[in-house]
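Q: Please take me on a close look at one part of this structure, and then show me what surrounds it. I am new to it, so a short explanation of each term would help.

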Amino acid sequence: MTHHAKSPVGLDGVAAAETRLSYLDGERGLLVVAGRRVEELATEFDFEAIAARLLSLATGSNHDPRKLRDEFAEARIQAFGRLPQLLAATDGMPVVAAFRAALAVVRPIPGLSAEASILGAMPVALAALVRRAEGREPVPPSPNLGHAADLLAMLTGRHPSDAEAKALDTYLVTVAEHSMNASTFAARVVASTGADLFMATTAAYCALTGPLHGGAPEPVLEMLDAIGSRERIAPWIDAALARGERLMGFGHRIYRVRDPRADVLRSAVATLGKSAADLGLAAEVEAYARQSLAKAKPDRALDTNVEFYTAILLDALGVPRQAFTPVFATARAAGWIAHALEQRKNGRLLRPTAAYIGEMPADA
């Protein structure tokens, strides 16, 4: 006898927690973070401010963005002093895997909170690992710069323009929180066991590295590179769809309409002017792809997602493709940590059941 019990596939529609951090309605294309539509976030918050707001909502105690900015700066300085140990522990590893190992060796910084220790160390580790992969020395952090500007400076070795810093800040704010996605759920599960924020953040990053969650921005650029010119848009996309291939940067597990974050990032790319990639080509690729997907797969909602313009924005800022996933993580960690803290307040172990579909003993 085989025992069958119905359960939601992939936990679809199951509310595993109550949260004050964000709300997502995929049917309407609505994302609310910290009480604001995502389209409004970048005009009201920088990364330090959205992190402070998320932490405040998670804990019920006020986090001052100005104080958090100072704590992040101090954490970056302290983390830079620990780079020799970090680099030794990650020797010979590709950047994405090395960043996971780096997170695992991040330690509390005396005088700073765990959240500041983690969020401050992440851009330092990321920039150093990327520069090592390129055969270059790490660049020390600048305590007078904001989080986004300093990340760019440590990555590229030059002081970013105001427009570049603002564009990256827009990206960090836009993707800092996104409800109960796979990596956030991983963070909450680990936090629910009583494990600390360092463990929860590392687990969340591991979930993010899976290709079904955070792995599409780099293939977007590969697709645009392969298309190359306006006259090749239609034949390239038509041929890809005829082969049954996925068009990168389109479709989302939750959104049934356009991902609202896509337009925020598209506007950020436009502010970079001539330093950006050919936004016109990208826009034409997007338009033709959406039209073609609607015709080829009318029963599926495959609209533009955040990864399409993430790829274009990060590329325009000079961020190497191997760094895309860790850069995403440096932003989303604000949400991961806030969710972990919120889960910790609940105090209950997340322990779902499974629908058993195997054989049962005859006498059971």
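A: Let's start with R321, which has a relative accessibility of 26% and so counts as partly exposed. In the terms used here, buried means under 20% relative accessible area, exposed means over 50%, and partly exposed lies in between (1.4 Å probe, protein chains only). Before going further, please note that this is a predicted model, in which local features need pLDDT of at least 70 and side-chain atom pairs count only at pLDDT 80 or more, while totals for chains, interfaces and linings use all residues. Residues are numbered from 1 along each chain as its sequence is written, and side-chain values use heavy atoms, with hydrogens and water left out.

What does R321 pair with? Its partner is D225, and the two form a salt bridge whose closest N and O atoms are 2.7 Å apart. D225 sits in helix α11 (residues 217-227), whereas R321 is in the loop between α15 (306-316) and α16 (324-346), so this pair ties together parts 96 residues apart in sequence. A salt bridge here is a side-chain nitrogen of Lys or Arg within 4 Å of a carboxyl oxygen of Asp or Glu. Helices (H or I, at least four residues) and strands (E, at least two) are DSSP runs, numbered from the N terminus.

This pair has company, as the structure holds 15 salt bridges. Another one joins E286 and R258, with the closest N and O atoms 2.3 Å apart. Here too distant parts of the chain are linked: E286 belongs to helix α14 (residues 279-296) and R258 to the loop between α12 (233-242) and α13 (260-270), 28 residues apart. Both E286 and R258 are buried. They also belong to a network of salt bridges that links R258, D263, R266 and E286. A further salt bridge is formed by R136 and E134, with 2.4 Å between the closest N and O atoms. R136 is partly exposed at 35% relative accessibility, and E134 is partly exposed at 34%.

Let's return to α16, the helix on one side of the loop that holds R321. T330 is found in α16, and with a relative accessibility of 3% it counts as buried. Which residues does T330 touch, once its neighbours within four places in sequence are left aside? They are F47, F99, L119, M122, P123, L126, L151 and L172, where contact means heavy atoms within 4.5 Å.

Helix α16 also packs with helix α9 (residues 182-192), at an angle of about 35° and with the axes 8 Å apart. The contact involves S183, T184, A187, R188, A191 and S192 on the α9 side, and R332, W336, H339, A340, E342 and Q343 on the α16 side. These contact residues divide into four nonpolar, five polar and three charged. In this sorting, Ala, Val, Leu, Ile, Met, Phe, Trp, Tyr, Cys and Pro are nonpolar, Asp, Glu, Lys and Arg are charged, and the others, Gly among them, are polar. As for the axes, they are lines fitted to C-alpha atoms, for helices over the stretch in contact, and angles run from 0 to 180 degrees between N-to-C directions. In α9, the buried residues are S183, T184, A186, A187, R188, A191 and S192. What covers them includes α10 and α16. Just after α9, G194 takes a positive phi of about 95°.

One of the contacts of T330, F99, leads on to the aromatic rings. The whole structure has four aromatic pairs. In one of them, the rings of F99 and Y205 have centres 5.2 Å apart and planes at 75°, so this pair is edge-to-face. F99 lies in helix α5 (residues 95-105) and Y205 in helix α10 (residues 197-208), 106 residues apart, and both residues are buried. F250 and F308 form a tilted pair, 5.3 Å centre to centre with 55° between the planes. Since F250 is in the loop between α12 and α13 and F308 in helix α15, this pair ties together parts that are 58 residues apart in sequence. Both F250 and F308 are buried, and with Y309 they form one aromatic cluster. For these pairs, rings of Phe, Tyr and Trp (its six-membered ring) need centres within 6.5 Å; planes under 30 degrees apart count as stacked, over 60 as edge-to-face and the rest as tilted.
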